[in-house]
Amino acid sequence: MAKRNNDILNLQDVLKEFVTENKLETGLDKVQVREAWIKLMGNGINNYTTNIQLKRDTLYIQLSSSALREELSYGKEKIINLINEELGKNIVNKIILR
């Protein structure tokens with residue numbers, strides 16, 4: 001019979017421990033960054049977003065509009081700050097718009 005831990009743990013702590021032990025942070029970060037982009041950018045920009053990828057600390061955004069790409073390039077730092085603030089941790093350090 002498995003050893004039973006008599007300590008009372010809340011669900012959030014159990015899930016954090018599970019994620020850490022199974023090295024799932026990177027995958028979750030990728031999903032959370034994608035969701036944050038969609039939430040923060042709204043439908044106008046999301047209609048032109050064709051791909052979102054997080055590789056290490058760089059967020060790659062593929063856009064179907066060169067005019068929008070140019071416009072967003074002026075606000076990269078602000079976008080990085082918004083995404084990291086939304087996630088509650090510094091995941092993105094650089095954005096590449098394609």
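How many helices and strands does the protein have? There are four helices and three strands, where helices (H or I, at least four residues) and strands (E, at least two) are DSSP runs numbered from the N terminus. Going along the sequence, the pattern reads α-α-β-β-α-α-β. Keep in mind that this is a predicted model, in which local features need pLDDT of at least 70 and side-chain atom pairs count only at pLDDT 80 or more, while totals for chains, interfaces and linings use all residues. Residues are numbered from 1 along each chain as its sequence is written, and side-chain values use heavy atoms, with hydrogens and water left out.

Now for the overall picture. The protein has 98 residues, and 28% of them count as buried; buried means under 20% relative accessible area, exposed over 50%, and partly exposed in between (1.4 Å probe, protein chains only). About 7,500 Å² is exposed, with carbon and sulfur atoms supplying 49% of that; such areas come from the Shrake-Rupley method with a 1.4 Å probe, and for residues only the protein chains shown count as cover. Take the contacts (heavy atoms within 4.5 Å) between residues at least 6 apart in sequence: 53% of them join residues at least 24 apart.

Helix H2 deserves a good look. H2 has 22 residues, yet its end C-alpha atoms are only 25 Å apart, short of the 32 Å a straight helix would reach at 1.5 Å a residue; that expected span is 1.5 Å times one less than the number of residues. Where is the kink in H2 centred? Look at Leu 40, where the kink is about 70 degrees, the bend being the angle between axes fitted to the seven residues ending there and the seven starting there.

The buried residues of H2 include Asp 29, Val 33 and Trp 37, and the buried set packs against E1, E2, helix H3 (66–73) and helix H4 (76–87). Asn 46 belongs to H2 (residues 25–46) too, and it counts as buried because its relative accessibility is 17%. Leaving aside neighbours within four places in sequence, Asn 46 touches Trp 37, Ile 38 and Met 41.

Finally, try the loop between strand E1 (49–55) and strand E2 (58–63), home of Arg 56. Most residues other than glycine have a negative phi. Arg 56, though not a glycine, has a positive phi of about 55 degrees. Arg 56 counts as exposed because its relative accessible area is 82%.
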